[in-house]
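Subject: Structure handover

Hello,

Here is the structure we discussed. Please open it first, then read my notes below it.

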Amino acid sequence: MAVSVDKVYKTVLFVLNKEQRGYVTPAEFNSIAEQVQFQIFESYFPDGNQQYRKDQTNSQNDTEFFNMFKDIEYKLYPFEENSNFTYNVNKDVFSTSANVYKIGEVISNYTDVNPVINSITQLVSRAEFNKISRSKLTAPNNKNPLFFTGNAGAGDLTLKITPTPNSITVNTILTPTPPKWGFTVGGLGQYIYNPSPTASTDFELDVSEQSLLILEILKYFGIVINDPTIIQAASQEAQQMEINEKS
Amino acid sequence: MSLITETNQQYYQGAQGFRGDNTTLAFKTTFDTDLILGSFDPNNINYALNNFKLYTSSTGLPGSYSEYITEFSVVDNAITFLAAPATGLYIVVQLKKLDGGLYGSTEAEKAYGQVVEDNYGSYSYITLNDAIDNFMVGYVGGGKLIQRAKKSDILFFAKRGLQEFSYDTLKSVKSAELTIPVSLTLALPQDYVNYVRASWIDQLGVKHIIYPTNNLTISPYYTQIQDEKGVPTQDNFGSDIEGTSITQERWHEGNAQDFLLDNAGLSGINDFAFNWNQNGEWIGYRNYGELYGLDPQYAQMNGWFNLNEREGKMSFSSHLVNRLIVLEYISDGLAYDTDTKIPKMAEEALYAHILHAVIASRANQPEYLVQRLKRERSAKLRNAKIRLSNIKTDEIAQVMRGKSKWIKH
């Protein structure tokens, strides 16, 4: 479940106004909120890597809810999606218009053979591709296809798969959509929250990130309004949460 | 889930039946064998590529089935008709079989072939792809010895393992039945790596082992034409001019004169008479064994073969001309898709081989781990060899009963 942008904004305003430290405009909030959401989102990957190493030392627990690696993996669910990649005949690559942040497993579907073959496709660099495809033992075929990434010219991700499949299924992590606190202006000039999907966008992060979101936003606003106590308090809280999660 | 997914009918008869319902267009077959459709039309040249025939019957009674030759397609092993078969129509997919199967009202409609027989006994094997998938599941991942591995690496080590196993562990199942031509040479089979043995087959089907010539003769690799000074001569392009091998020519001719007086109607007994005297002395090739007695390596009369590495051929002694021989040989298990399979009795040995190969080829792996895996590999390979040697105690006992036989001198 996503985090309500309205709830976060109002909590931030509440904390900041409580001691009359200042006021945050929706435009400022939206800008900082986007930054913080992306920051938390990006932290999943090094954190996940760190937690995965516990598997190697056999020190990870296997409980239903307290396995931190599974927890981080779970938090990525809002961004995980099978993106649609289409084949570009001229460039002999698959490309997508989706806002892809990372690509995961690529399944190549060969439907013009009997039986239909759906193969896990291995990501390699171009240099590796050149080596692997020169060995007769490892040369790619429709049961062991290879691919490397490139771009279509405008920065769009492309996948060059050998041998070329009829279609592909790509598990991707999409870039988070920026949150937006949309509003209308009231009779007194006040901002009134507009929950319409065209006006407002909730945070895509999981609801378990709400506290961290608020604390991180407060940290930024402490800097904006030049209040070290806000920065310090928020930083300490966020740090404590991080220590709890990672230790 | 059990590993056997075919019904008894599918396995033994190679047949699977369906009933039409006037709605369903596609009928999915579940054979272990994938369907191959060249063409539905018997007049199309690709029709011969089909590995199955499709029959229909309105009653389902024996003899009532006729071949379905109206357009249909095969998609992901499903037979897909253009129009839904009528309700109650009996539909049978029959894989090609040596006896043609149970369906088809005429001989031409029978499904003659060897597809069903190719699948017999397949349960004792696992495909290389399945072995690699199993390995990736069982041995690669978080908390395991191999945290991460590229599939191409696993593929490489698995195929190398299969090659190595093929040379000295797996059963040698490849053999070719051939007739020795007048040229006395045969091209090596396409997937040949090394021979196991060559034998000629007599009229009763009994095989008689033919031995390599060893030091008797040789097929020279280079046969340059020399000038009067003994220097090889070259053609316009600067390459040595080569002729036919005189050694081989003499060997073939010599054999014909000395070992064999009559090619026609040979039997082992006749050969015996021509090459051995009553005292057990070799008389066919007098230079050998005359002074110092019999040389056991040449003490046989079945014939000789040697490898002509230059031409990629096997060369045989002349008294084997027109004879039927069986060449047993080993390949590397990778020549054809149907070869890339591992006996289940060697499956664990292959996993141990891959595991050791991956860890041993990685940097910064503790040596005790590499050694442990090496020993595991060695032990499992030894087990596989013993299993595949097919040693049965009662068979050994039967052989050993011969030990009490008196050997007369």
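E2(A) and E9(A) run antiparallel and are joined by four bridges. Within that pair, Glu81(A) sits opposite Thr172(A) of E9(A). This is a predicted model, so please read what follows in that light.

E9(A) also pairs with E5(A). Strand E5 covers residues 100–110 of chain A and strand E9 covers residues 167–174. Seven bridges link them, again antiparallel. Two facing pairs are worth picking out on screen: Ile107(A) faces Thr169(A), and Val106(A) faces Val170(A). In general, side chains of a regular strand alternate between the two faces of the sheet.

Now the whole sheet. It is open and has eight strands, in the order E2-E9-E5-E6-E7-E8-E4-E3 of chain A. The pairing is mixed. Strand E2 (80–83) and strand E3 (86–88) of chain A are the edges, each pairing on one side only. From one strand to the next, the twist averages 35°. Helix H2 of chain A, residues 26–56, packs on this sheet and touches E5 and E9 of chain A. The direction of H2 makes about 55° with that of E5(A).

One residue of that helix deserves a look. Arg53(A) lies in H2 of chain A. Is Arg53(A) buried or exposed? Neither: its relative accessible area is 44%, and because the partly exposed class runs from 20% to 50%, Arg53(A) counts as partly exposed. Arg53(A) and Phe69(A) are 16 residues apart in sequence, and their C-alpha atoms are 9.3 Å apart in space.

Next, the nonpolar cores. In soluble globular proteins, nonpolar side chains tend to be buried together. The largest core here has 33 residues. Those touching the most other members include Leu128(B), Phe135(B), Ile146(B) and Ile154(B). Ile342(B), Leu350(B) and Ile354(B) belong to that group too. Which helices supply at least two residues each? They are H3 (128–139), H4 (151–168), H7 (347–360) and H8 (367–388) of chain B. H7(B) gives the most, with eight residues.

Ile154(B) is a good place to start in that core. Beyond its neighbours within four places in sequence, Ile154(B) contacts Ile132(B), Phe135(B), Met136(B), Ala149(B), Ile354(B) and Val358(B). A second, separate core holds 32 residues, including Val5(A), Tyr9(A), Ile40(A) and Leu215(A).

Chain B in numbers:

- Nine helices and 16 strands.
- 409 residues, of which 39% are buried.
- Of contacts with a separation of 6 or more, 66% join residues 24 or more positions apart.
- About 23,800 Å² exposed, with carbon and sulfur atoms supplying 53% of it.

Last, confidence. The model scores ipTM 0.81 and pTM 0.83. Chain B has a mean pLDDT of 87, and 89% of its residues reach 70 or more. Where in chain B is confidence lowest? In helix H6 (residues 268–275), at a mean of 42. The highest value in chain B belongs to H7(B), at 97. Residues 259–274 of chain B have a pLDDT below 50. That stretch still has 31 contacts in the model beyond near neighbours in sequence. Where pLDDT is low, the predicted coordinates should not be read in detail.

Best wishes

Notes: Residues are numbered from 1 along each chain as its sequence is written. Chains are lettered from A and ligands numbered from 1 in the order in which they are written. This is a predicted model: local features need pLDDT of at least 70, side-chain atom pairs count only at pLDDT 80 or more; totals for chains, interfaces and linings use all residues. Side-chain values use heavy atoms; hydrogens and water are left out. Two strands pair if DSSP finds at least two bridges between them. Axes are lines fitted to C-alpha atoms, for helices over the stretch in contact, and angles run from 0 to 180 degrees between N-to-C directions. Contact means heavy atoms within 4.5 Å. A nonpolar core is a set of buried Ala, Val, Leu, Ile, Met, Phe, Trp, Tyr and Cys residues joined through side-chain atoms within 4.5 Å. Buried means under 20% relative accessible area, exposed over 50%, partly exposed in between (1.4 Å probe, protein chains only). Accessible areas come from the Shrake-Rupley method with a 1.4 Å probe; for residues, only the protein chains shown count as cover. pLDDT is the predictor's confidence in each residue, from 0 to 100.
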